[in-house]
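This report walks through one protein chain for a reader who has not seen it before. Please look over the sequence and the structure first.

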Amino acid sequence: MGQIALEGMEFFAFHGFYDEEQKIGNKYGVDLYLHTDLQDAAASDNLDQTVNYEVLYKLVRHEMSQPARLLEHLGHRIIEGVFREFPFVQQVQVSVSKFNPPLGGICHKAKVTLEKRHA
C-alpha cells in the first residue's frame, strides 16, 4: 500500500447553504489522500500503473465548479469521482474547507473530512 496526496488545492467557487453564498462565491480548499498499491508503478516507472495527478486535479476542479449547499456533499462527490476514475484505489480521504465562513464572527475556515473504503 501507498498514499498519493494532493494537498492545498484552492478554488474560488459558488457553494453554500444560503442563496447569497451561491451568488457571491468564496474561496475553498481541498486536501485529497488516496490509498492504493503503488508497487507496480514504483517498479516500472509507468504512469499507466498509478494515479495521474493531472487527471485527479481536473476531477476535483470539475466537482468544485458544480454548486453544492453542503461541504459534505462536495466531499462525497469527489470521493465517488475518484472511485469511478480510478477503480483500483482502495481508500479515499478528502477534506473540504470554506475560508472565512459567514458565521457572524472570526473563523478562518470551516472544514469537513470524509473517508471511504472501496467496496
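How do the residues of the lining of the largest pocket divide into nonpolar, polar and charged? Ten are nonpolar, two are polar and four are charged. The model behind this count, and behind every value below, is predicted.

**The largest pocket**

The largest pocket holds about 210 Å³ of space. Its lining has 16 residues, and those nearest its centre are E21, L71, K98, P101 and A110. Two elements, α4 (71-85) and β4 (109-117), give two or more residues to this lining. Rolling a probe the size of a water molecule over the atoms shows where empty space is left.

**The chain as a whole**

The chain has four helices and four strands. Read from the N terminus, the order of its elements is β-α-β-α-α-α-β-β. The C-alpha trace spans about 50 × 25 × 20 Å along its principal axes.

Of the 119 residues in the chain, 40% are buried. The accessible surface comes to about 7200 Å², and carbon and sulfur atoms account for 50% of that surface. Among contacts in the chain with a separation of 6 or more, 59% join residues that are 24 or more positions apart.

**Helix α4**

Helix α4 is one of the elements that line the largest pocket. With 15 residues at 1.5 Å a residue, α4 should span 21 Å, and this agrees with its end C-alpha atoms, which are 21 Å apart.

The buried residues in α4 are L71, L74, G75, R77, I78, I79, G81, V82 and F83. An α-helix has 3.6 residues a turn, so residues three or four places apart point the same way. The cover over the buried residues of α4 includes β2 (26-36), α3 (53-64), β3 (91-99) and β4.

R84 also lies in helix α4, but R84 is exposed because its relative accessible area is 60%, over the 50% cut-off. From R84 to P67 the distance is 20 Å, C-alpha to C-alpha, with their positions 17 residues apart in sequence as the separation.

**Strand β4**

Strand β4 contains K111 and T113. K111 has a relative accessibility of 48% and so counts as partly exposed. T113, at 43% relative accessibility, counts as partly exposed too.

Which residues does K111 touch, leaving out those up to four places away in sequence? They are S95, V96 and S97. On the same terms, T113 touches Q93, V94 and S95. The residues named in these two contact lists can be placed by number in β3, which runs over 91-99.

T113 and Q93 are 20 residues apart in sequence, and their C-alpha atoms are 7.1 Å apart in space. K111 and F83 are 28 residues apart in sequence, and their C-alpha atoms are 22 Å apart.

**Loop residues**

Most residues other than glycine have a negative phi, and most peptide bonds are trans. Two residues in loops have a positive phi although they are not glycines: D45, at about 60°, and N100, at about 50°. D45 is found in the loop between α2 (39-44) and α3, whereas N100 is found in the loop between β3 and β4.

| Residue | Phi | Relative accessible area |
|---|---|---|
| D45 | about 60° | 75%, exposed |
| N100 | about 50° | 55%, exposed |

T50 also has its place in the loop between α2 and α3. Is T50 buried or exposed? T50 counts as buried, because its relative accessibility is 17% and the cut-off is under 20%. Apart from its neighbours within four places in sequence, T50 is in contact with I4, L38, A41 and F88. By contrast, D45, found in the loop between α2 and α3 as well, is exposed, with a relative accessible area of 75%.

**In short**

This predicted model has four helices and four strands. Its largest pocket is lined by 16 residues, with α4 and β4 each giving two or more of them. The contacts of K111 include S95, and S95 is also one of the residues that T113 touches.

Conventions
Residues numbered from 1 in each chain as written. Predicted model: local features only at pLDDT ≥ 70, side-chain atom pairs only at ≥ 80, totals over all residues. Heavy atoms only, no water. 1 Å grid on protein atoms, 1.4 Å probe; cavity = no way out; pocket = protein on both sides within 12 Å on 5 of 7 lines; lining within 4 Å. Points joined across faces, edges and corners; volume = space filled by probe spheres on them. Nonpolar A, V, L, I, M, F, W, Y, C, P; charged D, E, K, R; others polar. Buried < 20%, exposed > 50% of the residue type's maximum accessible area, 1.4 Å probe, protein only. Contact = heavy atoms within 4.5 Å. Areas by Shrake-Rupley, 256 points an atom, 1.4 Å probe, with all protein chains shown as cover. Expected span 1.5 Å × (residues − 1).
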